[in-house]
Structures are given as structure tokens and as C-alpha cells.
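Welcome, and please open your viewer so that we can walk through this model together. At each stop you will hear what to select and what is there.

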Amino acid sequence: NAMNYYKKTIGEKTFSHMFPKLLPSEDRFIRRSYKGGFTYLAPRYRGEEVGDGLVFDVNSLYPSRMRFKPYPIGKAFYFEGEYVEDETRELYIQHIRCGFELKENRLPCIQLKHSMMFQPSEYLESSGGEVVDLYVTNIDLELIKYCYTLYDVEYIDGYMFQKSYNLFDDYIDHWTEEKIKAGKNEILFENGPFD
């Protein structure tokens, strides 16, 4: 329903232009870079009861990211090797092969799915001397380089995209107004989101 409403808001023709259907090979490649949320328990606390914790639930985080961060649009452009800066296509997915070791005082953020050598749900501190394939967005690649020492790095290929902002502003505004009307966020909007 949400997708149908968005398409109706901007029009099918505009939607098809901004988000053209991917070829099956493009879709398979790009999906390898998809990640879920990050939940991590340091090994030193595993198996212990550590007491009460804190939970931080940021109200409307997804809409704020949709409003203020760039979003990939248009055709996927294939490239070989390492991404080379392109002012017209600044968002990309990079396929690399490398080994890795976690840097001191950094959190692990690499999971290897579909591998017999690694637990798919574990965040890895090391590739154990193995060179592995990673499919990562430019944002994830930056984080990985910050958290890990990479070695035997080989940049294979990737896809790059144009970026755009403000694609969802009208959509977000509409549903925010609906929530306010329904009274679901009375406290948030009565006091302001950061009071």
C-alpha cells in the first residue's frame, strides 16, 4: 500500500524513470550488498547476565534518513575494478576480495552470509587468513576501512548510481500529518521531538 501510494503521488511514469526495473543479473549483484540492522554483544559479556540495559528507539529515523540523505536513482551503471570518482554517479556498490583484521578499539561490522567457513550471524574480527568476497555499498566500504585493516585487496567490479535528495518529502509529510491526526504522536508533537 505504501509503495502504491508513493507511485500514485509522483506518477507511474516518473517512478519508472527514477527507479527503472533492474535486470536479473543486476538485482542479484546488488542484493548481495543488502544488510539488516546492527545488533552486537561484545564477546566478553556473552553467557553472563549483565543487568539492565538501555534501549534507544529514535522516533521516525527512517523518514529522517529518507528526507536528508541521498538516494540512488536511475539506471545501474556497471564498472570494472575499483570505483573511480564520478560526479554524476556518486553512490555505488563495490565487489571486493580481501582478507581483514579488526583494528584495536573498533567494532566488527562484517558478516559473511552463504559461506561454509563463517557463522552467518556473527560479526567477524578476522577472515582467518582467508581472502573473501564482499559486496558493499560505498557507505559500508568506508565503515569497513575505518574498522578493519584490509590486505590482499582486489577490486573486482560494481554498479554506480546517480543520487537525489528530497524524493520522499511530500510522502513523508502526508503520513506524518495522518499520524498527527490519528493522535498517535500527541506527546512527541506537543513537546517537540527533542524536549
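Before counting anything, a word on what is counted: helices are DSSP runs of at least four residues and strands are DSSP runs of at least two, both numbered from the N terminus. Keep in mind too that this is a predicted model.

**The whole chain**

Start with the cartoon view of everything. How many helices and strands does the protein have? There are seven helices and four strands. Follow the chain from the N terminus and the elements come in the order α-α-α-α-β-β-β-α-β-α-α. The C-alpha trace spans about 55 × 50 × 30 Å along its principal axes. Of the 195 residues, 30% are buried. If you look at contacts with a separation of 6 or more, 77% of them join residues 24 or more positions apart.

**The largest nonpolar core**

Next, select Phe-100, Ile-110, Leu-112, Leu-134, Ile-144 and Tyr-148 and show their side chains. Within the largest nonpolar core, which has 19 residues, these are the ones with the most contacts. Now colour strand E2 (91-102), strand E3 (132-137), helix H5 (138-147) and strand E4 (148-164), since each of these elements gives two or more residues to this core. Which element gives the most? It is E2, with four residues.

Stay here and centre the view on Ile-110. Setting aside residues up to four places away in sequence, Ile-110 touches Phe-100, Glu-122, Tyr-123, Leu-124, Leu-134, Ile-144 and Tyr-148. Apart from this core lies another one, of nine residues, including Phe-19, Phe-168, Tyr-171 and Ile-172.

**Helix H5 and its neighbours**

Select H5 and look for its buried residues: Asn-138, Leu-141, Ile-144 and Cys-147. What do they pack against? The buried residues of H5 pack against E2, E3 and E4.

**Two helices that meet H6**

Now for some helix pairs. Two packed helices are described by the angle between their axes and the distance between the axes.

Select helix H4 (residues 61-68) together with helix H6 (residues 169-182). Their axes come within 9 Å and cross at roughly 150°. Angles over 145 degrees count as roughly antiparallel, and H4 and H6 are therefore roughly antiparallel to each other. The crossing of this pair is left-handed. To see the contact itself, show Pro-63, Met-66 and Arg-67 in H4, which meet Asp-169, Ile-172 and Asp-173 in H6. Sorted by class, the residues of this contact are three nonpolar, no polar and three charged.

Keep H6 selected and swap H4 for helix H1 (residues 2-10). H1 and H6 pack with their axes 10 Å apart, at an angle of about 125°. That angle makes H1 oblique to H6. Is this crossing left-handed or right-handed? H1 passes H6 in a right-handed crossing. On the H1 side the contact is made by Ala-2, Tyr-5 and Tyr-6, and on the H6 side by Tyr-171, His-174 and Trp-175. Here the classes come to five nonpolar, one polar and no charged residues.

**Two positive phi angles**

Select Asn-105, in the loop between E2 and E3. Asn-105 is not a glycine, yet its phi is positive, at about 60°. Is Asn-105 buried or exposed? Asn-105 is exposed, with a relative accessible area of 74%.

Then jump to Asp-152, in strand E4. Asp-152 also has a positive phi without being a glycine, with a value near 50°. Asp-152 is exposed, its relative accessible area being 56%.

**Two pairs that are far apart in sequence**

Select Lys-35, found in the loop between helix H3 (24-31) and H4. Lys-35 is partly exposed, with a relative accessible area of 46%. Leaving aside neighbours within four places in sequence, Lys-35 is in contact with Tyr-135 and Asp-140. Add Ile-110 to the selection: Lys-35 and Ile-110 are 75 residues apart in sequence, while their C-alpha atoms are 9.9 Å apart in space.

For the last stop, select Glu-87 in the loop between strand E1 (71-80) and E2. Glu-87 is exposed, with a relative accessible area of 70%. Draw a distance from its C-alpha to that of Gln-162: the two residues are 75 apart in sequence and 8.7 Å apart in space.

How values were computed
Residues are numbered from 1 along each chain as its sequence is written. This is a predicted model: local features need pLDDT of at least 70, side-chain atom pairs count only at pLDDT 80 or more; totals for chains, interfaces and linings use all residues. Side-chain values use heavy atoms; hydrogens and water are left out. Axes are lines fitted to C-alpha atoms, for helices over the stretch in contact, and angles run from 0 to 180 degrees between N-to-C directions. Angles under 35 degrees count as roughly parallel, over 145 as roughly antiparallel, 65 to 115 as roughly perpendicular and the rest as oblique. A crossing is left-handed if the near helix is turned anticlockwise from the far one by less than a right angle, and right-handed if clockwise. Contact means heavy atoms within 4.5 Å. Ala, Val, Leu, Ile, Met, Phe, Trp, Tyr, Cys and Pro count as nonpolar, Asp, Glu, Lys and Arg as charged, and the others, Gly among them, as polar. A nonpolar core is a set of buried Ala, Val, Leu, Ile, Met, Phe, Trp, Tyr and Cys residues joined through side-chain atoms within 4.5 Å. Buried means under 20% relative accessible area, exposed over 50%, partly exposed in between (1.4 Å probe, protein chains only).
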